[in-house]
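Student: I have a structure open and would like to go through it. Can we start with how the strands are joined?

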Amino acid sequence: MTQAVPAISDHLARIDVEGYTILEGAIEPDLVDELRETIRRLERELHVEPKGTSAEGHATRRMYNLLAKDPAFQAMPVHPNVLPVVERLLDRGCLLSGMTAIDIGPGETAQPMHGDDIVMSRHLQRPHAPMMVTTMWALDDFTAENGGTQFVPGSHVFPRTPDEPGALDGIETRPLEMAAGSVMVFHGSLWHGGGSNTTSDEWRCGVNVQYCPGFVRQQQNPYLGVPPEVAATFSDRLLELLGYRLYKGIMGHVDGASPGEVVFGARMAETAYRDSEQRGSRPMTGDLGADA
Ligand SMILES: O=C(O)CCC(=O)C(=O)O
């Protein structure tokens with residue numbers, strides 16, 4: 001008998017309680033191979049070396065701004081097995097906050113525990129709605145030995161952040177073990193960090209595809225990072241995720257127009273206040289319409 005695939009509502013319920021869920025086998029094997037091979041090729045071509053900070057690691061190759069580096073990455077933010085879960089956690093006006101390839105090498109030590117929305121958490125009373133949703137794509141098998149993410153189930157509702165003095169005392173972490181092609185989706189307040197890689201020869205390649213609500217500043221700036229002639233080749237939905245449309249009909253306008261209209265013309269045309277009023281949604285107070 002084949003096992004039933006959990007419904008989106010099951011994943012949302014799990015995230016609500018535990019702060020994370022795992023979409024097992026969500027990504028087509030061919031795409032997983034293409035993404036991993038693309039990352040390893042770019043690491044060689046761009047001479048990517050560890051950046052040497054405690055957050056970025058001393059034996060980890062990290063690459064940012066992936067959409068500008070290779071067309072293969074365009075499939076990730078809009079993937080039909082992943083994006084609908086994110087849209088239900090945030091809304092359809094969510095933004096791509098950033099994409100980072102994280103290839104953890106032998107000898108790497110554990111990254112400090114953190115929440116991905118820690119910057120926003122400092123200004124809010126915890127627990128709060130996710131100010132970031134991270135989807136961690138496994139492009140190699142993640143194991144406890146090769147740097148599988150360490151995390152603390154349920155910590156998204158803790159009243160404190162992990163960097164507070166004594167916050168980690170007595171806290172048990174769990175290693176994220178999942179097969180290549182699986183994706184962990186987690187609430188931005190979940191305590192986690194890249195694990196140590198105690199193997200002698202295994203690299204652990206994953207990509208963090210991160211989203212934020214449409215009213216939050218993106219961690220990686222796509223307007224300057226992705227040249228307009230490259231962005232022009234993206235699908236409409238990908239451009240929306242980058243922020244080329246308005247959030248709730250007003251946020252992000254440029255002299256009354258959407259950023260997408262300024263850069264790409266009629267294809268992304270939207271006028272602040274007017275279009276949302278004509279659609280019957282109330283930009284200041286109403287829910288984001290499905291078409292927003
Ligand atoms: O690589 C990982 O497993 C997690 C990385 C991470 O949490 C981060 O860089 O913010």
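Tutor: This is a predicted model. Strand β4, residues 133-138, is a good place to begin. It is joined to strand β7, residues 183-187, by 5 bridges.

Student: Which way do β4 and β7 run, parallel or antiparallel?

Tutor: β4 and β7 run antiparallel. Within that pairing, T135 has V185 of β7 as its bridge partner.

Student: What about β4 and β9, how many bridges there?

Tutor: There are 6 bridges between β4 and β9, which covers residues 204-212. These two strands run antiparallel. W137 is bridged to V207 in β9.

Student: Is β4 buried or exposed?

Tutor: All 6 of the 6 residues of β4 are buried, so the strand is largely enclosed by the rest of the structure.

Student: Which residues of β4 point which way?

Tutor: V133, T135 and W137 point one way, while T134, M136 and A138 point the other way. Both sets are buried.

Student: Why do they split up like that?

Tutor: In a regular strand, side chains alternate between the two faces of the sheet.

Student: Changing topic. I clicked on I39. Where is it?

Tutor: I39 sits in helix α2, which runs over residues 29-45.

Student: Why does I39 count as buried?

Tutor: I39 has 24 other C-beta atoms within 10 Å, and a residue counts as buried at 20 or more.

Student: What is I39 in contact with, apart from its sequence neighbours?

Tutor: Leaving out neighbours within four places in sequence, its contacts are M63, A101, D103 and C205. I39 also lies 9.8 Å from L139, C-alpha to C-alpha, although they are 100 residues apart in sequence.

Student: Now the ligand. Which residues are around it?

Tutor: The residues around the ligand are I102, Q111, D116, T149, H192, G193, G194, G206 and N208. β8, residues 192-193, and β9 are the elements that give two or more residues to this shell.

Student: How many of the shell residues are polar?

Tutor: The shell has 7 polar residues, along with 1 nonpolar and 1 charged.

Student: Last, the whole protein. How many helices and strands?

Tutor: It has 9 helices and 9 strands. Buried residues are 41% of its 292 residues.

Student: What radius of gyration would a compact globule have, and what does the protein have?

Tutor: For 292 residues, a compact globule would have a radius of gyration near 19 Å, and the protein has 19 Å, so the two agree. Along its principal axes, the C-alpha trace spans about 60 × 50 × 45 Å.

Key:
Residues are numbered from 1 along each chain as its sequence is written. This is a predicted model: local features need pLDDT of at least 70, side-chain atom pairs count only at pLDDT 80 or more; totals for chains, interfaces and linings use all residues. A residue is buried if 20 or more other C-beta atoms lie within 10 Å of its own, exposed if 12 or fewer, and partly exposed in between; C-beta atoms are placed from the backbone. Helices (H or I, at least four residues) and strands (E, at least two) are DSSP runs, numbered from the N terminus. Two strands pair if DSSP finds at least two bridges between them. Two residues are in contact if their C-beta atoms, placed from the backbone, lie within 7 Å. A residue is near a molecule or strand if its C-beta atom, placed from the backbone, lies within 6 Å of it. Ala, Val, Leu, Ile, Met, Phe, Trp, Tyr, Cys and Pro count as nonpolar, Asp, Glu, Lys and Arg as charged, and the others, Gly among them, as polar. The radius of gyration is taken over C-alpha atoms; the globule rule is 2.2 Å times the number of residues to the power 0.38.
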